[in-house]
Amino acid sequence: MDLRQFLTCLSLCTAFALSKPTEKKDRVHHEPQLSDKVHNDAQSFDYDHDAFLGAEEAKTFDQLTPEESKERLGKIVSKIDGDKDGFVTVDELKDWIKFAQKRWIYEDVERQWKGHDLNEDGLVSWEEYKNATYGYVLDDPDPDDGFNYKQMMVRDERRFKMADKDGDLIATKEEFTAFLHPEEYEYMKDIVVQETMEDIDKNADGFIDLEEYIGWQAYQGGDC
C-alpha cells in the first residue's frame, strides 16, 4: 500500500467511524470526536492526522522534522500491522483508529489502576478502592469543604457492583474499566441513565422538568 492508497484508506475508515447512527437518547453520553478539525482533505490532512494518531500525539508530530515523522510513523505502522505480514489492512486501520480515539480511557485506567491495586495482586477490590479513594473521609466524617463524600461513596459502590459481573466485589481490569467509564459498556447503560437522572433531577422527585434540564445544559455548556 503506497502513501496515496494509505491516505485514501484512512479517509474511508474515518468516514466509517463517523457513519454510525446517533439516536436522541445518546445525547447525554457521546463517543469522543476523532478530531475538532474540519474534515476536508482538499485543504489539509489535519483531521486524518488527529484520527490516525490521536489529537495529543498529532501535536507532537507537528513539532518533528520530516525525517523524524517518517521514522515515528514507521514504528506506529508496525503496531497497526497486527498479523505482521508487512501490510496494513482496512480492518487493522479501523482497529487502530478506534484505539486512538479511546486511548485516553486506557491511559486513565492504567493511571488509576496503579493507585488502587494496593496489594498489587492484579485485581482491585471494592475495599481497596474505598480505602484509597475515601479513606480520609471515613476518618473525618465532616470535612471542611462540606461536600457529601459519603453520598458519593454510596454511588460509587453501586456502580462498582454493577461493573463487577461475577459479584465477588473484586474487579478485573476490564471490570474496573467498566466502573470508571460505564458509558463504554452496553451492560452499564442502566447505571449511566440512573446517574444522569440523579444529576439533572435536582429536587429528586423522579422527574426532569424543563427548568432542571435547561439548568443542566447550561452547566454542561451544551445546546438545548
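This is a guided tour of a predicted model, moving from annotated spans to cores, a helix and a surface patch.

Begin by selecting residues 68-103, 104-139, 151-186 and 188-223, the four spans at which UniProt, in an unreviewed entry, places the feature "domain: EF-hand". Within residues 68-103 the chain is 72% helix and 0% strand, and a distance drawn between the end C-alpha atoms should read 23 Å. Moving on to residues 151-186, you will find 58% helix and 6% strand, with the end C-alpha atoms 25 Å apart.

Next, show the side chains of Tyr-129, Phe-176, Phe-179 and Met-188, which touch the most other members of the largest nonpolar core, a set of 19 residues. To see where this core comes from, colour helices α6 (103-116), α7 (126-139), α8 (149-163), α9 (173-180) and α10 (189-200), each of which supplies at least two of its residues. The greatest contribution to this core is made by α9, with 4 residues. As background, nonpolar side chains in soluble globular proteins tend to be buried together.

Now centre the view on Met-188 and, leaving aside neighbours within four places in sequence, look for its contacts with Arg-159, Met-162, Ala-163, Ala-178 and Pro-182. From there, select Arg-159 itself, which lies in helix α8. Is Arg-159 buried or exposed? Arg-159 counts as buried because its relative accessibility is 15%, and the cut-off for buried is under 20%. Not counting residues up to four places away in sequence, Arg-159 touches Phe-179, Leu-180, Pro-182, Met-188, Ile-191 and Glu-195, and two of the names in that list, Phe-179 and Met-188, were already selected as members of the largest core.

Turn then to helix α2 (residues 46-53), which is largely enclosed by the rest of the structure, because 6 of its 8 residues are buried. Those to highlight are Tyr-47, Asp-48, Asp-50, Ala-51, Phe-52 and Leu-53. Keep Phe-52 and Leu-53 selected and add Trp-96 and Ala-100, since all of these are included in a second, separate core of 11 residues.

Finally, switch to a surface view and select Val-193, Met-197 and Ile-208, which together make a nonpolar surface patch of about 230 Å². Ile-208 is found in the loop between α10 and α11 (210-220). How exposed is Ile-208? Its relative accessible area is 34%, so Ile-208 is classed as partly exposed.

Definitions and conventions
Residues are numbered from 1 along each chain as its sequence is written. This is a predicted model: local features need pLDDT of at least 70, side-chain atom pairs count only at pLDDT 80 or more; totals for chains, interfaces and linings use all residues. Side-chain values use heavy atoms; hydrogens and water are left out. UniProt positions are given in the numbering used here, feature names are shortened, and annotations may be inferred rather than shown by experiment. A nonpolar core is a set of buried Ala, Val, Leu, Ile, Met, Phe, Trp, Tyr and Cys residues joined through side-chain atoms within 4.5 Å. Buried means under 20% relative accessible area, exposed over 50%, partly exposed in between (1.4 Å probe, protein chains only). Contact means heavy atoms within 4.5 Å. Patches are made of residues with over 30% relative accessible area and no salt bridge: like charges are joined within 9 Å, nonpolar side chains (Val, Leu, Ile, Met, Phe, Trp, Tyr) within 5 Å. Accessible areas come from the Shrake-Rupley method with a 1.4 Å probe; for residues, only the protein chains shown count as cover. A salt bridge is a side-chain nitrogen of Lys or Arg within 4 Å of a carboxyl oxygen of Asp or Glu.
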